[in-house]
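Work through the exercises below with the sequence and the model side by side. Try each task before reading its solution.

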Amino acid sequence: MDGQTRNRILAAALVVVFLVVAGFVVFFGSSGDEAPAGDDVAAMPKPAGPPVPELAFAMFDGSTATLADYEGRPLVVNFWASWCPSCVAEMSAAFRPVQEDLGSEVAFLGMNIQDTRDAALRLVDDTGVLFDLGEDPAGDLYAELGGLGMPFTVFVSADGQIVEKHNGPLTQSQLEERIAELFGVSA
């Protein structure tokens with residue numbers, strides 16, 4: 001079998017695996033129940049998950065932090081890189097406006113992954129984001145949290161429990177919906 005045939009078979013197998021996983025998520029990923037509207041969202045029990053990892057990371061301001069440092073407020077952690085077009089679009093179109101609206105009630109942490117510091121700082125300046133920014137140059141925290149694609153977002157309860165992970169970009173409305181459903185916080 002030549003290399004081109006092997007690559008086609010591998011590509012076809014990956015497509016099949018993707019379709020099976022996507023079908024599983026669509027079929028089993030939703031209960032079909034509608035979320036309560038309005039004030040009923042805040043009364044919903046918050047899902048429990050594993051605690052955040054204790055891995056320390058560097059912040060852009062030179063300090064060191066852990067995800068546990070954010071306990072006391074719900075936290076949205078977004079992994080991004082300047083070389084990721086979806087990350088760039090998501091930062092300014094979703095995360096910046098949602099953080100501006102909900103930042104007093106929900107903490108936001110942008111984790112730059114596998115990027116140069118100069119490129120990351122340029123993107124921060126270009127997008128105008130004002131939330132906390134950390135560095136994960138080798139992708140250790142990303143791997144510990146189970147990231148599978150970019151961008152990657154992790155929702156953490158006020159008591160430091162991981163309640164949801166999202167691989168791929170989010171729109172502003174999707175981000176607002178997840179925050180409202182998971183944390184009972186809305187604009």
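**Exercise 1.** Which residue follows H6, and what is the sign of its phi?

Solution. This is a predicted model, in which local features need pLDDT of at least 70 and side-chain atom pairs count only at pLDDT 80 or more, while totals for chains, interfaces and linings use all residues. Residues are numbered from 1 along each chain as its sequence is written, and side-chain values use heavy atoms, with hydrogens and water left out. Helices (H or I, at least four residues) and strands (E, at least two) are DSSP runs, numbered from the N terminus. Helix H6 covers residues 172-183, and the residue after H6 is Gly184, with a positive phi near 70°.

**Exercise 2.** Describe how E6 and E7 are arranged.

Solution. Start with the pairing, which requires that DSSP finds at least two bridges between two strands: strand E6 (residues 152-156) and strand E7 (residues 162-167) run antiparallel and are joined by five bridges. Within this pairing, Phe155 has Glu164 in E7 as its bridge partner. Then look at the turn, where five residues separate the strands of the hairpin and Gly160 has a positive phi of about 80°.

**Exercise 3.** Find what the side chain of Glu164 meets in a salt bridge.

Solution. A salt bridge places a side-chain nitrogen of Lys or Arg within 4 Å of a carboxyl oxygen of Asp or Glu. Glu164 meets Arg178 at 2.6 Å, N to O. Because Glu164 lies in strand E7 and Arg178 in helix H6, the pair ties together parts that are 14 residues apart in sequence. Finally, salt bridges with shared partners join Glu164, Arg178 and Glu181 into one network.

Conventions
Expected span 1.5 Å × (residues − 1).
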